Amino acid sequence: MEYKKIAVRENFIRLDSAMKLASMVSTGGHAKLVIQNGEVKVNGETCLMRGKKLVSGDTVEYDGGGFVIE
């Protein structure tokens with residue numbers, strides 16, 4: 001799978017915000033739902049925390065797509 005690259009200016013970005021930024025979901029509510037349903041993987045492991053802090057090098061996968069934090 002080829003990952004999109006998402007650049008962030010801060011030290012971290014929350015998982016739900018990163019998913020919106022990467023256009024994987026359209027709203028924060030949608031992000032919350034898919035995360036709570038166990039449909040999202042962070043660094044290869046299912047993540048149920050929508051507020052998970054992502055830092056440079058972290059990867060996110062959902063619904064056949066993915067991105068990496070730069």
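Let's begin at Asp63, which lies in the loop between S6 and strand S7, the strand that spans residues 65–69. In this predicted model, the phi angle of Asp63 is near 55°, a positive value in a residue other than glycine. Is Asp63 buried or exposed? Its relative accessible area is 68%, and exposed means over 50%, so Asp63 counts as exposed.

Now step back along the chain into strand S6, where you will find Thr59. Here the picture changes: Thr59 has a relative accessibility of 16%, and the cut-off for buried is under 20%, so Thr59 counts as buried. Which residues does Thr59 touch, once its neighbours within four places in sequence are left aside? The answer is Tyr3, Lys41, Val42, Asn43, Gly44, Phe67 and Val68. Try picking them out in the structure one by one.

Strand S6 also helps us to understand a helix. Helix H2 runs over residues 28–36, and in it Ala31, Val34 and Ile35 are buried. Imagine looking straight down the axis of H2: the buried residues fall within an arc of 100°, so they line one face of the helix. What covers these buried residues? The cover includes strand S6 (59–62), along with helix H1 (15–21) and strand S3 (40–42). Just after H2 comes Gly38, whose phi is positive, at about 75°.

Let's go next to the loop between H1 and H2. Two serines there are worth a visit. One of them, Ser23, has its place in this loop and has a phi near 60°, which is a positive value in a residue other than glycine. Ser23 has a relative accessible area of 61%, so it is exposed. The other serine, Ser26, is also found in the loop between H1 and H2. With 66% relative accessibility, Ser26 counts as exposed too. You can use Ser26 to get a feel for distances: Ser26 and Glu61 are 35 residues apart along the chain, and their C-alpha atoms are separated by 16 Å.

With these places in mind, let's look at the whole protein. How many helices and strands does the protein have? There are two helices and seven strands, and reading along the sequence gives the pattern β-β-α-α-β-β-β-β-β. The radius of gyration is 11 Å, close to the 11 Å that the globule rule gives for 70 residues, so the protein is as compact as a globular protein of that length. If you draw a box along the principal axes, the C-alpha atoms fill roughly 25 × 25 × 20 Å.

How does the chain meet itself inside that box? Take the contacts in the protein with a separation of 6 or more: residues 24 or more positions apart account for 49% of them. As for what is hidden, buried residues make up 34% of the 70 residues.

Finally, turn to the outside. The protein exposes about 4400 Å², and carbon and sulfur atoms supply 45% of that area. There are charges to consider as well: the protein has 10 positive and 9 negative ones, and the mean positions of the two groups are 7 Å apart. To finish, go back to where we started and compare two stops on the tour: Asp63 is exposed, whereas Thr59 in strand S6 is buried.

Conventions. Residues are numbered from 1 along each chain as its sequence is written. This is a predicted model: local features need pLDDT of at least 70, side-chain atom pairs count only at pLDDT 80 or more; totals for chains, interfaces and linings use all residues. Side-chain values use heavy atoms; hydrogens and water are left out. Buried means under 20% relative accessible area, exposed over 50%, partly exposed in between (1.4 Å probe, protein chains only). Helices (H or I, at least four residues) and strands (E, at least two) are DSSP runs, numbered from the N terminus. The arc is that of the directions from the helix axis to the C-beta atoms. Contact means heavy atoms within 4.5 Å. The radius of gyration is taken over C-alpha atoms; the globule rule is 2.2 Å times the number of residues to the power 0.38. Accessible areas come from the Shrake-Rupley method with a 1.4 Å probe; for residues, only the protein chains shown count as cover. Lys and Arg count as positive and Asp and Glu as negative; His and the chain ends are not counted. The place of a charge is taken as NZ of Lys, CZ of Arg, CG of Asp or CD of Glu.
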